[in-house]
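Visitor: I should like a close look at a single part of this structure. Please take me through the barrel and the pocket associated with its strands, and then relate that part to the rest of the chain.

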Amino acid sequence: MPVSTMAPLKVSRSTMAAQASGSGAVAYRRGGQVAAAYGFALGLRMASHERVDAMENRELWAFLNSLRTGDVLSGRIASIERFGVFVALDSGPDHPVFLGVGFITIPELSWRHFEDASDIVQVGQRVSCEFLQFDTTNGEARLSLRAMQPDPFQTFADSTTVGQTLQGRVTKLIPFGAFVQVTDGIVGLVHLQELAETPIEAPEEVVQVDDKVVVVVTEIDRERRRLALSCRQASTALD
């Protein structure tokens, strides 16, 4: 996962105080007290002087440099933000700015779809995560919680073949097609031209959300974790 090298985000103390209760706040430590500052999941979340503090923390840098991709680290959830989760690790030093040296981005929390990070973890919860990389921009360990569980899409792909007929439920309509859930956690796309035997201009002409449909698997893309389906081919097969 690439890490941004954008210019440092400078946040004044007055701005931090005014924005501490905002929905985009980042919990962090200064002098033993918790404050807050706006930040971004893949960008710099520290003011320039704070970044210097982190970079000059030799113990922190040595610890992060000692980690290898695939290492399993344990700790507790220290803070839940709209862009990810901070983890206070059992091993290693504290972070001089944030509440945890470990950080899990939203996509790395779970394989399944969810609306909010709190649907997956809670503050204080103990977790074991896989180490992905050393984020030198923020001086933290990028972690993955979902890597500790089997990928349900790969499991599905192992037991499913192109041309196979499945039953599913329409979960969402978009201008160019419909999403259909064929099993727990597995959703595929039926493109507009694959929804009906005759041309249509909108998916609402033939299906609605929660409709039960029969589909044929037309493509399984393991790398991008994408599933293509067809209602048209399913109806042709049934004729």
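Guide: What follows is a description of the barrel, the pocket, a second group of strands and the cysteines.

The model is a predicted one. In it, five strands close into a barrel, and their order is β8-β9-β10-β12-β11. The pairing within this barrel is mixed. On average, neighbouring strands of the sheet are turned by 50° against each other, with direction ignored. One of the pairings can be followed at the level of residues: β10, which spans residues 186-191, runs parallel to β12, residues 226-230, and two bridges join them. Within this pair, L189 of β10 has A228 of β12 standing opposite.

Strands of the barrel also contribute to the largest pocket. Its volume is about 770 Å³. The lining comprises 24 residues, and those nearest the centre of the pocket are F179, G185, V187, G188 and R225. Four strands, namely β9 (177-183), β10, β11 (212-221) and β12, each supply at least two residues of this lining. The largest share comes from β10, with five residues. In chemical character, the lining of the largest pocket divides into 11 nonpolar, six polar and seven charged residues.

A second group of strands may be set beside the barrel. Strand β5, residues 102-105, is joined by four bridges to β4, residues 84-89, and these two strands run antiparallel. In that pairing, F103 of β5 is the bridge partner of F86. β5 also pairs with β7, residues 140-144, here in the parallel sense and over three bridges. In this second pairing, I104 stands opposite L143 of β7.

The side chains of β5 merit attention. In a regular strand, side chains alternate between the two faces of the sheet. In β5, G102 and I104 point one way, whereas F103 and T105 point the other way. All four of these residues are buried.

Finally, the cysteines. The count of disulfides comes to zero, where a disulfide requires a pair of cysteine sulfur atoms within 2.5 Å. C129 counts as buried because its relative accessibility is 0%, and buried means under 20% relative accessible area. C231 has a relative accessible area of 10% and is therefore buried as well.

Conventions. Residues numbered from 1 in each chain as written. Predicted model: local features only at pLDDT ≥ 70, side-chain atom pairs only at ≥ 80, totals over all residues. Heavy atoms only, no water. Pairing = 2+ DSSP bridges. Axes fitted to C-alpha atoms, helices over the stretch in contact; angles between N-to-C directions. Buried < 20%, exposed > 50% of the residue type's maximum accessible area, 1.4 Å probe, protein only. 1 Å grid on protein atoms, 1.4 Å probe; cavity = no way out; pocket = protein on both sides within 12 Å on 5 of 7 lines; lining within 4 Å. Points joined across faces, edges and corners; volume = space filled by probe spheres on them. Nonpolar A, V, L, I, M, F, W, Y, C, P; charged D, E, K, R; others polar.
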